[in-house]
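Reader: I am new to this structure and would like a close look at a single part, taken slowly and with the terms explained. Please choose one buried position and work outward from there.

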Amino acid sequence: MHTLLLRGSGDFELHAVMDNQLESGVECGELLSRLVDAIIGGSWDAVEQLRGEALHSMGTQQAVDAMAVAAAFNGITRIADATGIPLDAGPAETTATMRDELRIDDFEYAEKTRKFDRVTA
């Protein structure tokens with residue numbers, strides 16, 4: 001198992017980011033994965049239903065934080081990509097192995113559009 005230690009909070013299966021069949025080790029990870037997919041995909045009926053599950057399972061503050069992070073990251077990466085902001089040298093170096101293993105650099109918005117049946121600008 002390839003794990004990532006985040007600020008001393010535990011070991012996580014990093015490959016679960018790209019493969020939702022894997023157990024991430026994150027509390028409520030499966031629910032969070034479905035919630036993020038619904039948010040990114042604009043599936044608002046699913047977001048509403050999953051929001052209720054998250055509020056019940058995680059509590060109000062953690063659920064709100066998770067939804068805000070999912071929405072913000074989607075927007076932040078789109079802005080960075082649209083403006084051509086490159087990955088800084090430091091993060092590029094420290095994340096090279098992780099990005100290679102997860103094939104993150106192979107990611108294309110066209111695939112995201114196909115997956116979520118969305119139109120990109």
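Author: Leaving aside its neighbours within four places in sequence, L31 is in contact (heavy atoms within 4.5 Å) with L50, E53, A54, S57 and M58. One of these partners, A54, is 23 residues away from L31 in sequence, yet the two C-alpha atoms are 7.2 Å apart in space. This is a predicted model, in which local features need pLDDT of at least 70 and side-chain atom pairs count only at pLDDT 80 or more, while totals for chains, interfaces and linings use all residues. Residues are numbered from 1 along each chain as its sequence is written, and side-chain values use heavy atoms, with hydrogens and water left out.

L31 lies in helix α1, where helices are DSSP runs of H or I with at least four residues, numbered from the N terminus. With a relative accessible area of 7%, L31 is buried, a word that stands for under 20% relative accessible area, with a 1.4 Å probe and protein chains only.

Helix α1 (29–41) also helps to cover another helix, for α1 and α2 (44–58) are among what covers the buried residues of α3. Those buried residues of α3 include A63, A66, M67 and A70. Helix α3 itself runs over residues 60–83, and its 24 residues reach 34 Å from the first C-alpha to the last, close to the 34 Å expected at 1.5 Å a residue, the expected span being 1.5 Å times one less than the number of residues. Just after α3 comes G84, which takes a positive phi of about 80°.

Technical notes: Helix = DSSP H or I, 4+ residues; strand = E, 2+ residues; numbered from the N terminus. Buried < 20%, exposed > 50% of the residue type's maximum accessible area, 1.4 Å probe, protein only.
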